Amino acid sequence: SLLWATLANDCLVQVCPRGVNYLKGDSEPKTWKVGGGSDIALAAANERQLVIVQHSGSTSTCVYFELDHSDRWDEKGTHSFPEEVKCLDVLPPSNGKCSSFVAVAFINKTLAICSLANSFREIIRVPLSSVCQSIAAVRLGDRCPAGASTYLFLSIHSEA
């Protein structure tokens, strides 16, 4: 397994190289299988969203899924990048709504913030000092009067 995640509806999602399994109670697992011969290499999820990455040579394709209110996975969009995705994380949801963003780090020492609203598209890219090894998107400060803020924590590989 590449990823196990607990969803908002107390169900589980399991991501494996050849597909995604959605497990709900006593019912049969629902499976989404990869096509085109390229396995799933990476995945990230929050309570209602899932993004998987498939590599094909030096390019990467991200596929975005959203759990609808009737507990079905809908494939919402795809986006291809001309470089290899190294890691990613879906930002946490806010006020019960799906997140609008995913953070994606690349092997070429860049980080992109991509929109998940309406379509999967890159909205900003910034250079990094080294290759990012992992990303954690965290919401902190829910009890603060000003409200919560979302932070991105990056683990950067030192080239020294």
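The following paragraphs describe the fold of the chain and then a few of its residues, as they appear in a predicted model.

The secondary structure of the chain consists of 14 strands and zero helices, so that, when the elements are read from the N terminus on, β follows β throughout, in the order β-β-β-β-β-β-β-β-β-β-β-β-β-β. The radius of gyration is 16 Å, which is close to the 15 Å given by the globule rule for 160 residues, and the chain is therefore as compact as a globular protein of that length. Along its principal axes, the C-alpha trace spans about 50 × 50 × 30 Å. Of the 160 residues in the chain, 41% are buried, and among the contacts with a separation of 6 or more, 35% are made by residues that stand 24 or more positions apart.

The surface and the charges of the chain can be described in similar terms. The accessible surface amounts to about 8,600 Å², and carbon and sulfur atoms account for 50% of this area. The chain carries 14 positive and 16 negative charges, and the mean position of the positive charges lies 3 Å from the mean position of the negative ones.

Aromatic residues form five pairs in the structure. One of these pairs joins tyrosine 22 to tryptophan 73 in an edge-to-face arrangement, with 6.1 Å from centre to centre and 80° between the planes; the angle counts as edge-to-face because it is over 60 degrees. This pair connects distant parts of the chain, since tyrosine 22 belongs to strand S3 (residues 19-23) and tryptophan 73 to strand S8 (residues 73-81), with the two positions 51 residues apart in sequence. Tyrosine 22 has a relative accessibility of 3% and therefore counts as buried, the cut-off for this class being under 20%. Ring pairs also place both residues in a cluster, in which Tyr22 and Trp73 are linked with Trp32 and Phe65.

Two further residues, both in strands, illustrate buried positions. Valine 85 is part of strand S9 (residues 85-90) and is buried, with a relative accessible area of 0%. When residues up to four places away in sequence are not counted, valine 85 touches Leu42, Val53, His55, Ser60, Cys62, Val104, Ala105 and Phe106. Threonine 59 is 26 residues away from valine 85 in sequence, and the C-alpha atoms of these two residues are 8.1 Å apart in space. Alanine 43, in strand S5 (residues 40-45), has a relative accessibility of 19% and counts as buried, because the class takes in values under 20%. Apart from residues up to four places away in sequence, alanine 43 touches Leu3, Val15, Leu50, Val51, Ile52 and Leu88. Between the C-alpha atoms of alanine 43 and cysteine 114, which are 71 residues apart along the chain, the separation is 15 Å.

Other positions are open to a greater or lesser extent. Proline 127, in strand S12 (residues 121-127), is exposed, with a relative accessible area of 69%, and its value falls in that class because exposed means over 50%. Beyond its neighbours within four places in sequence, proline 127 is in contact with Lys109 and Thr110. Proline 127 and asparagine 9 are separated by 118 residues in sequence and by 37 Å in space, C-alpha to C-alpha. Lysine 109, one of the contacts of proline 127, lies in the loop between strand S10 (101-106) and strand S11 (110-115). With a relative accessibility of 29%, lysine 109 counts as partly exposed, a class that lies between the cut-offs of 20% and 50%. The backbone at lysine 109 has a phi near 65°, which is a positive value in a residue other than glycine. Most residues other than glycine have a negative phi.

Note on methods
Residues are numbered from 1 along each chain as its sequence is written. This is a predicted model: local features need pLDDT of at least 70, side-chain atom pairs count only at pLDDT 80 or more; totals for chains, interfaces and linings use all residues. Side-chain values use heavy atoms; hydrogens and water are left out. Helices (H or I, at least four residues) and strands (E, at least two) are DSSP runs, numbered from the N terminus. The radius of gyration is taken over C-alpha atoms; the globule rule is 2.2 Å times the number of residues to the power 0.38. Buried means under 20% relative accessible area, exposed over 50%, partly exposed in between (1.4 Å probe, protein chains only). Contact means heavy atoms within 4.5 Å. Accessible areas come from the Shrake-Rupley method with a 1.4 Å probe; for residues, only the protein chains shown count as cover. Lys and Arg count as positive and Asp and Glu as negative; His and the chain ends are not counted. The place of a charge is taken as NZ of Lys, CZ of Arg, CG of Asp or CD of Glu. Rings of Phe, Tyr and Trp (its six-membered ring) pair if their centres lie within 6.5 Å; planes under 30 degrees apart count as stacked, over 60 as edge-to-face and the rest as tilted.
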